[in-house]
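Got the viewer open and a selection box ready? Let's walk through this one stop by stop.

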Amino acid sequence: MANLKISSLYKSFGAENVLDGIDLNIKSGEFLVLLGPSGCGKSTLLRIMAGLEDESAGDIAIDDKSIAHLPPSKREIAMVFQTYALYPHLSVRGNMELVLKQAGYSKAEIKERVAESARALELDALMDRKPSQLSGGQRQRVAIGRAIVRDPKVFLFDEPLSNLDAALRGQVRLEIARLHQRLSATMVYVTHDQVEAMTLADRIVVMNDGEIQQVGTPRDLYERPANLFVASFIGSPTMNFLQLEKLTENSAQLKDSTQLPVSNKASVIPSNVMLGIRPSHCALHDKAGEGYLKAEVLLEEYLGDTTYVHVELETSEQMVVRENPEIQRQTGDEVYVELGISGVHLFNADTGKRMEVSIVEPETA
Amino acid sequence: MAISRARRNRMAELGAHIILLAFAVIALFPVLLILINSLKTKKAIFRQPLEFPTSETLDLVGYTTVLQQGNFPLYFWNSLFVTGASLFFILLFGAMAAFALSEYKFRGNRLLGLYMALGIMIPIRLGTVGILRLMVTTDLVNTHWALILVYTAQGLPLAIFILSEFMSTVSSDLKSAGRIDGLSEYSIFFRLVLPLVRPAMATVAVFSMIPVWNDLWFPLILAPAEHTKTLTLGAQVFVGQFTNNWNAILAAMALAIIRCLFFTRSSRASSFGA
């Protein structure tokens, strides 16, 4: 149990800034997920935490003691890799023992610790096998076991599920969640998969272009995305975006001059505003109605428990709408899209920043 | 249908084996010729070179000359020691340099790699005069080390070139895991990386060994003394300017071939073991 603090961390390869001033405070016992598209710097950040890569500037501290100058093995961290990185010539037992041997533990203690971790991960039957004789899921379990035996202050996971097939991925994900519950250890987990991030994380750090976009609980990120990037990155299918024609204090006008009763608290109303709404907050109707947008069906994606309908508005903007799978639509059908006002987000399209909105109560005359 | 297909497969297999056997015969014929002629009298060698030795033509004079005249067991040991030591250093330093070049990013990394590769293109014999001078000043002439140092230098470029390619394919996660587990860079090299590039090591060993074992040039120049003579140099005793002692030459060659078979066997075993 330890907290991890990263302050104004920079990393550049030549002229390219890979990490651009990262500040992060990871609480003791927290499961923190670093989420972002490939090349956003999340793996580099993790490798710097592990000491496998040197930072260009900034500091990392565990329990308020700087570890930036320490080699990886002295940082009291453990890491689980995407490719498992098991030592191919050692048995499962050998893989788990190695770190303890290097650290100079007594034979009895090594035996006890390895046995304990093996029991926890149900590896007992596999202890004398070589990594090549294990399945992908088993290998990743061994890799996790190797991380546990050392009883580290912080666990680092580098996309540990990416090399597993879909069925196993769900299973190992569950195991990692249970592991976190049992150990209540501080864990930092890198992934590009938002499902992993949403299901595992206490807090998610969304990164892009070497900068932190937003830090928050999965609910925060989904319900109150801080900017256009987070809004479009979190959620599947992705959020719909519509350009606003005009925004006043208590109404928003779309390009086709539909008025929506949303108000905002901005002191200066920006000229270029983007409205965001998730597919689940939209609905399709056969007939026109107040505030409905006329559209044409492009494509229907049937997923069994739900259907996503892709439509094109008269303004030639495209949207995705979630619909009851019992309704079937044909390409070319004329439909009317209702925007659920409670699901509307507004973003300053120039800065990308979120604008706080509230719904204007209809006046009861 | 199934039967005829099986038969056709067997026919194809037979055909392949016939072709392979033909190649084997062509390749092994000179070797066989050396072996049978080394056991015959000089007259028989020239009169019936293709005949197996009969009770009349059987003559071990070649072998007795070789084993009595030159100090062949010593030459043999010299060759073995020089080749073995050179091979050891080529593999050790080659692998270390290859690891450094492929693993660590430092200024001039690429340039250094290119510089090493240059050695493949420039024959080391061009530097013979310089090498001889160096050996004279360092007092290494007529020692095994003169040859071992030169052969190590000769073998390193190719070894580095081949091994660094292989080293860069070793998973970087594995090395990272080793570092986190507290292995030193030396342990990572010797315990994680080397076992994984064993097949490449075997290849390099075979390629480096042959020119060293066969070399006549450097033993002649750097270590021609009786106590450092290698097998190839020792066998030169029987090659005269006007007459050759064919019995002895063939016997010496036969002995060298037998030893070569042993070496090939052991290197094959190592590459299969990987």
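Start where the two chains meet: 17 residues of chain A and 13 residues of chain B make up the contact. Keep in mind throughout that this is a predicted model. On the chain A side, select strand E6 (77-80) and helix H2 (92-103), since each of them supplies at least two residues to the face that touches chain B. Which of the elements gives the most? That's H2(A), with 4 residues. Now colour that side of chain A by residue class: you should get 12 nonpolar, 5 polar and no charged residues.

Next, zoom out to the whole of chain A. Its C-alpha trace spans about 80 × 45 × 40 Å along the principal axes, and the secondary structure comes to 8 helices and 23 strands. Of the 365 residues in chain A, 38% are buried. If you like contact maps, take the contacts with a separation of 6 or more: 65% of them in this chain are between residues 24 or more positions apart.

Now split chain A by its domain assignment, with domain 1 at 4-230 and domain 2 at 238-359. How far apart are the C-alpha centres of these two domains? They lie 39 Å apart. Across the boundary, 5 residues of domain 1 of chain A are in contact with 6 residues of domain 2 of chain A. The domain 1 side of that contact has 4 nonpolar residues, 1 polar and no charged ones.

While you're in this part of chain A, select 4-234. An unreviewed UniProt entry annotates that stretch as "domain: ABC transporter". In the model those residues are 37% helix and 26% strand, and the C-alpha atoms at the two ends of the stretch sit 25 Å apart.

Then pick out the open sheet of chain A whose 4 strands follow the order E2-E1-E4-E5, with antiparallel pairing. Look at the edges: strand E2 (16-26) and strand E5 (65-66) of chain A each have a single partner strand, so one side of each has no neighbour in the sheet. For a close-up, show strand E1 (residues 4-13) of chain A against E2(A): the two run antiparallel and are joined by 8 bridges. Label A:Leu9 and you'll find A:Ile22 as its bridge partner in E2(A). Helix H1 (residues 42-50) of chain A packs on this sheet and touches E1, E2 and strand E4 (57-62) of chain A. Its direction makes about 65 degrees with that of E2(A).

Now for strand E3 (residues 31-35) of chain A. Is it mostly covered or uncovered? Covered: 5 of its 5 residues are buried. Turn on the side chains and you'll see A:Phe31, A:Val33 and A:Leu35 pointing one way, with A:Leu32 and A:Leu34 pointing the other. In a regular strand, side chains alternate between the two faces of the sheet.

Stay on E3(A) and add its partners. Strand E8 (residues 186-191) of chain A runs parallel to it and is joined to it by 5 bridges; here A:Leu34 stands opposite A:Val190. Strand E9 (residues 203-208) of chain A is also parallel to E3(A), with 4 bridges, and A:Leu35 stands opposite A:Val206 there.

Last stop, chain B. Colour domain 1 (2-59) and domain 2 (69-238) as the domain assignment gives them, and you'll have two groups whose C-alpha centres lie 36 Å apart.

Notes. Residues numbered from 1 in each chain as written. Chains lettered and ligands numbered in written order. Predicted model: local features only at pLDDT ≥ 70, side-chain atom pairs only at ≥ 80, totals over all residues. UniProt positions renumbered as here; feature names shortened; annotations may be inferred. Domains from an automatic or database assignment. Buried ≥ 20, exposed ≤ 12 C-beta atoms within 10 Å, placed from the backbone. Pairing = 2+ DSSP bridges. Contact = placed C-beta atoms within 7 Å. Nonpolar A, V, L, I, M, F, W, Y, C, P; charged D, E, K, R; others polar. Axes fitted to C-alpha atoms, helices over the stretch in contact; angles between N-to-C directions.
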